[in-house]
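Work through the exercises below with the sequence and the coordinates at hand. Each task is followed by a solution that goes step by step.

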Amino acid sequence: GGHLLELRDLHIEFRTGEGVAEVINGVSYHLDPGETLAVLGESGSGKSVTAQAIMGILDSPPAHVTSGQIRYQGRDLLTLPEEQRRQVRGKEIAMIFQDALSALNPVFPVGWQIGETLRQRLGMSRSDARRRSVELMDLVQIPAAANRLGDYPHQFSGGMRQRVMIAMALAMEPKVLIADEPTTALDVTVQAQIMDLLADLQRNLDMAMILITHDLGVVADVADRIAVMYAGRIVEHADVRSLYRAPAHPYTKGLLESIPRLDQRSGKLTTIPGLPPNLMDIPGGCPFHPRCRYVQQVCLDVVPHDLVLGDGRTSACHFAQEVRDDRAR
Ligand code: SF4
Ligand code: MG
């Protein structure tokens, strides 16, 4: 059977005055009903761009899908007639962002904004929309929701604003929620609360979720699978447990080693040396080779393709098995 959502060999280019950058180079991933996929990578790895392509909100130009498919329930969103596409995007698939302030309109009360979605898209009456708005605000655990319908976005704390944005995204009862760095702008305590909320909602509403993050620390308790992105490609894909137990790509290994661990007596934190590549000028061979401690001559010459490691795991590294089996830290 098909997947709920499936990206097939997606390619996206950016055309700027300086030239053409292939920001997404053959990305494939899928999502099944009720599961959470974390898409992990540093800023500039292409994880947000991929999500924007799913939602149809790429900045075009400069961004441009050159090939590939984005299939939702078996239909390619890139070729679907506009009317049907609109039914899917924003209704079946909803998205939340890092910055709730930019997603909310500062001049309208939040209750009105949630209600507007319900009135416009579901044709609800004013009173029904109002009642449902309170339910949605309750659902995202905004205290005394009924009393806060008339408040403006700036009257909410950062964490509460994030909850309002989640409530708006849930208004259409989406089957897929895409969360792009939903906690990055928040302090650590609030981050944990919002992640808990998202995990609860995902389970209770039986939604599938794509959680986009640069922070491997936040995904362990929430995600079923992880796709790790680097320089516009997926370099490792695995279920969460296998990936944490034995990462099979040196980049993933580096990310894991840079998470603070309470049980690490030495307190020594490693970071991956160097920076992600300029997408205008991606290194030949393996794009990770300038930063890789396992690098060999072949890595400079030959682009690594996905190595299948069993259990649905893949790693785009010539030495995936050696890396996975090397437990030295
Ligand atoms: Fe490192 Fe080579 Fe694997 Fe790339 S292919 S991650 S350079 S070992
Ligand atoms: Mg981003």
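**Exercise 1: the antiparallel sheet**

Strand β1 (residues 5–16) and strand β2 pair in the antiparallel sense over 10 bridges, and this pairing, like everything else below, belongs to a predicted model. Starting from this pair, establish the strand order of the sheet, name its edge strands and describe how helix α1 packs on it.

Solution. Step one is to fix the register of the pair, for which Thr 16 serves, since this residue stands opposite Gly 19 in β2. Step two extends the pair to the whole sheet, an open one of 4 strands in the order β2-β1-β4-β5, with antiparallel pairing. Step three looks at the ends of that order, where β2 (19–31) and β5 (75–76) are the edge strands, each pairing on one side only. Step four adds the helix: α1 packs on this sheet, touching β1, β2 and β4 (63–72), and its direction makes about 110 degrees with that of β1.

**Exercise 2: the mixed sheet**

In which order do the strands of the 8-stranded open sheet follow one another, and which helices pack on it?

Solution. Step one gives the order, which is β6-β7-β8-β3-β9-β10-β12-β11, with mixed pairing. Step two concerns the edges: β6 (93–96) and β11 (307–310) each have a single partner strand, so one side of each is left without a neighbour in the sheet. Step three describes the twist, neighbouring strands being turned by 20 degrees against each other on average when direction is ignored. Step four takes one pair as an example, strand β7 (residues 176–180) with strand β8 (residues 208–213), which run parallel over 5 bridges; within the pair, Ile 178 stands opposite Ile 210 in β8. Step five places the helices: α1 (residues 47–55) packs on this sheet, in contact with β3 (36–40), β6, β7, β8 and β9 (225–230), its direction making about 145 degrees with that of β7. Helix α6 (residues 158–170) touches β6 and β7, and its direction makes about 170 degrees with that of β6.

**Exercise 3: the two domains**

Describe how domain 1 and domain 2 are laid out and which residues make up their contact.

Solution. Step one reads the domain assignment, which gives domain 1 as 5–92 + 174–325 and domain 2 as 100–173. Step two locates them relative to each other, the centres taken over C-alpha atoms being separated by 30 Å. Step three counts the contact, to which domain 1 gives 11 residues and domain 2 gives 9 residues. On the side of domain 1, the largest share, 4 residues, comes from helix α7 (residues 188–204), and by class that side has 8 nonpolar, 2 polar and 1 charged residues.

**Exercise 4: the ligand shell and confidence**

Which residues come nearest to ligand 1, and how does the model score?

Solution. Step one considers the 13 residues around ligand 1, of which Cys 286, Cys 292, Tyr 294, Cys 299 and Cys 317 come nearest. Step two sorts this shell by class into 10 nonpolar, 3 polar and no charged residues. Step three turns to confidence: the protein averages a pLDDT of 92, with 96% of the residues scoring at least 70, and the model has ipTM 0.94 and pTM 0.93. Among the elements, the mean pLDDT is lowest in helix α3 (residues 100–103), at 84, and highest in helix α10 (residues 297–301), at 98.

How values were computed. Residues are numbered from 1 along each chain as its sequence is written. Chains are lettered from A and ligands numbered from 1 in the order in which they are written. This is a predicted model: local features need pLDDT of at least 70, side-chain atom pairs count only at pLDDT 80 or more; totals for chains, interfaces and linings use all residues. pLDDT is the predictor's confidence in each residue, from 0 to 100. Helices (H or I, at least four residues) and strands (E, at least two) are DSSP runs, numbered from the N terminus. A residue is near a molecule or strand if its C-beta atom, placed from the backbone, lies within 6 Å of it. Ala, Val, Leu, Ile, Met, Phe, Trp, Tyr, Cys and Pro count as nonpolar, Asp, Glu, Lys and Arg as charged, and the others, Gly among them, as polar. Two strands pair if DSSP finds at least two bridges between them. Axes are lines fitted to C-alpha atoms, for helices over the stretch in contact, and angles run from 0 to 180 degrees between N-to-C directions. Two residues are in contact if their C-beta atoms, placed from the backbone, lie within 7 Å. Domain bounds come from an automatic or database domain assignment.
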